[in-house]
Amino acid sequence: MSRDRGPRRLRRLDRNALMAACVTALSLTASGCVVVHGEKEVLPSATKAEAAKALQQFTTAYNKADKAYDSSLDADYVTGALGDIDSARLKAGKALNPGGNAAHTPLELSDVTYTIPKKAGWPRWFVADAAGNKFGSARWLFVFTRGGLNEPWEAAYLTLVAPGDLPKFKTDKAGWAEAVPANSTELAVPPGDLSKTYAAYLKDGKGVFAPGRHTSEWRADREKDAKRPGLVSQFIDEPLTSGDYAPLALRTTDGDALVFFTTRYYEKRTAYAGTDVPSPGKAVEALTKGEIKQSLTMEIVSNEVALDPKGSGKVQVIGRTQGLTSAKGE
């Protein structure tokens, strides 16, 4: 009997230990010390109701900030490239018009389509495609991100795209989209490398980018600017890829990917000896440190959206929104 009682006793101890562990875990969860986020489970990033609420909150805050030229009024609803561009714009507006934006026209968005991917882990994100009451027929393409359950939804990317340039996204039977990993090698360029590849292309014109307004034509415009009479312009492009600037990609119905990414560039204008740099305008001067004499260096953040083909092929940059974030005069 002694031989039988030992194993049963051990089994009871094992069961008691397991029950104690379960009770402890439940009590910790109830007290708020342990929260299961579903980091490893593939889930929709948001419900459509949550996405609609996020866009509405952003629009309300954006309009308040634009009317008052006060970046604190929408700081909780923007991040990444859009946050940098928006805060600098409002800072310049406040410097020039301390009383606020007398020409303010509220942004109104309509005909909104939400594309919400299923994914594991954070950040969660989704795309909102809307018609706006500004800039003609261009579609307003937002990417909203969220880094945790207790964080607000923030708009990280905003690009204006011609209606016919938008692809159709691959969705499952429930309507959820598919996020493409940043390190995907099935595309012409892994989404995580697009910012670096684009910055290199702007320097030498070599690479996988198709000719267009934001590639070959932009490089041609830069070459013209570099040869203006009495003035030399130099450009330095840098990738931005980490944190809130991380690229995000959605699968299209034909297996390609629509990729959102960020770059930053510097433009230095230097006047010939004995001459001054032409005035860049009051908005630029409002963001400039130092006195503009012989040179002006401007820092610009740019967010792009591109169609990255499956396999080989040319990457098409279909939208680019940029803004001056700071400048230095010398």
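Two strands count as paired here if DSSP finds at least two bridges between them. I start with that because much of this talk is about strands and their partners. The model is a predicted one.

First, the overall content. The protein has six helices and 13 strands. There are 330 residues, and buried ones make up 41% of them. Taking the contacts with a separation of 6 or more, 67% are between residues 24 or more positions apart.

Let me begin with strand S12, residues 295-308. Is S12 mostly covered or mostly open? It is mostly covered, with 13 of its 14 residues buried. S12 pairs with strand S10, residues 257-271, in the antiparallel sense, and 14 bridges join the two. One position to look at is Tyr265, which stands opposite Ile300 in S12. S12 also pairs with strand S13, residues 316-329, again in the antiparallel sense, over 12 bridges. There, Asn303 has Thr321 in S13 as its bridge partner. In general, strands of a sheet pair through backbone hydrogen bonds, parallel or antiparallel.

Next, the interior. The largest nonpolar core has 29 residues, and the members that touch the most others are Leu194, Tyr198, Phe209 and Met298. Which elements give two or more residues to this core? They are helix H3 (80-96), helix H4 (194-204), S10, S12 and S13. S10 gives the most, with five residues.

Phe209 deserves a closer look. Leaving aside neighbours within four places in sequence, Phe209 is in contact with Leu194, Thr197, Tyr198 and Tyr201, and also with Thr215, Lys314, Val315 and Val317. Another core lies apart from the largest one. This other core has 19 residues, including Tyr62, Leu107, Ala128 and Trp140.

Now the open sheet of four strands. The order is S2-S4-S5-S6, and the pairing is antiparallel. Strand S2 (109-115) and strand S6 (154-161) are at the edges with a single partner strand each, so each has one side without a neighbour in the sheet. From one strand to the next, the twist averages 25°. Within this sheet, strand S5 (residues 139-146) and S6 are joined in the antiparallel sense over seven bridges. Phe142 has Leu158 in S6 as its bridge partner. Helix H2 packs on this sheet, touching S2, strand S4 (124-132), S5 and S6. The direction of H2 makes about 135° with that of S2.

H2 spans residues 48-68, and its axis comes within 9 Å of the axis of H3, with a crossing angle of roughly 30°. How do the two helices lie relative to each other? Angles under 35 degrees count as roughly parallel, and H2 and H3 are therefore roughly parallel to each other. On the H2 side, the residues that meet H3 are Phe58, Tyr62, Ala65, Asp66 and Ala68. On the H3 side they are Leu82, Asp86, Arg89, Leu90 and Lys94. By class, this contact has six nonpolar, no polar and four charged residues. Tyr62 appears twice in this talk: it is a member of the core of 19 residues, and it is among the H2 residues that meet H3.

There is also an open sheet of three strands, in the order S1-S3-S7, with mixed pairing. Strand S1 (43-44) and strand S7 (177-178) stand at its edges, and each has a single partner strand, so one side of each lacks a neighbour in the sheet. Strand S3, residues 117-119, runs parallel to S7, and two bridges join them. Lys118 stands opposite Glu178 in S7.

Last, some backbone details. As background, most residues other than glycine have a negative phi, and most peptide bonds are trans. Where is the cis peptide bond? It runs from Trp122 to Pro123, with omega near 0°. Pro123 sits in the loop between S3 and S4.

Tyr69 has a positive phi, near 50°. Tyr69 is in the loop between H2 and H3. Is Tyr69 buried or exposed? Its relative accessible area is 14%, so Tyr69 is buried, the cut-off being under 20%.

Asp111 also has a positive phi, near 50°. Asp111 is found in strand S2, one of the edge strands of the four-stranded sheet. Asp111 has a relative accessible area of 54%, so it is exposed, exposed meaning over 50%.

Terms used: Residues numbered from 1 in each chain as written. Predicted model: local features only at pLDDT ≥ 70, side-chain atom pairs only at ≥ 80, totals over all residues. Heavy atoms only, no water. Buried < 20%, exposed > 50% of the residue type's maximum accessible area, 1.4 Å probe, protein only. Core = buried A, V, L, I, M, F, W, Y, C linked by side-chain atoms within 4.5 Å. Contact = heavy atoms within 4.5 Å. Axes fitted to C-alpha atoms, helices over the stretch in contact; angles between N-to-C directions. Parallel < 35°, antiparallel > 145°, perpendicular 65-115°, else oblique. Nonpolar A, V, L, I, M, F, W, Y, C, P; charged D, E, K, R; others polar.
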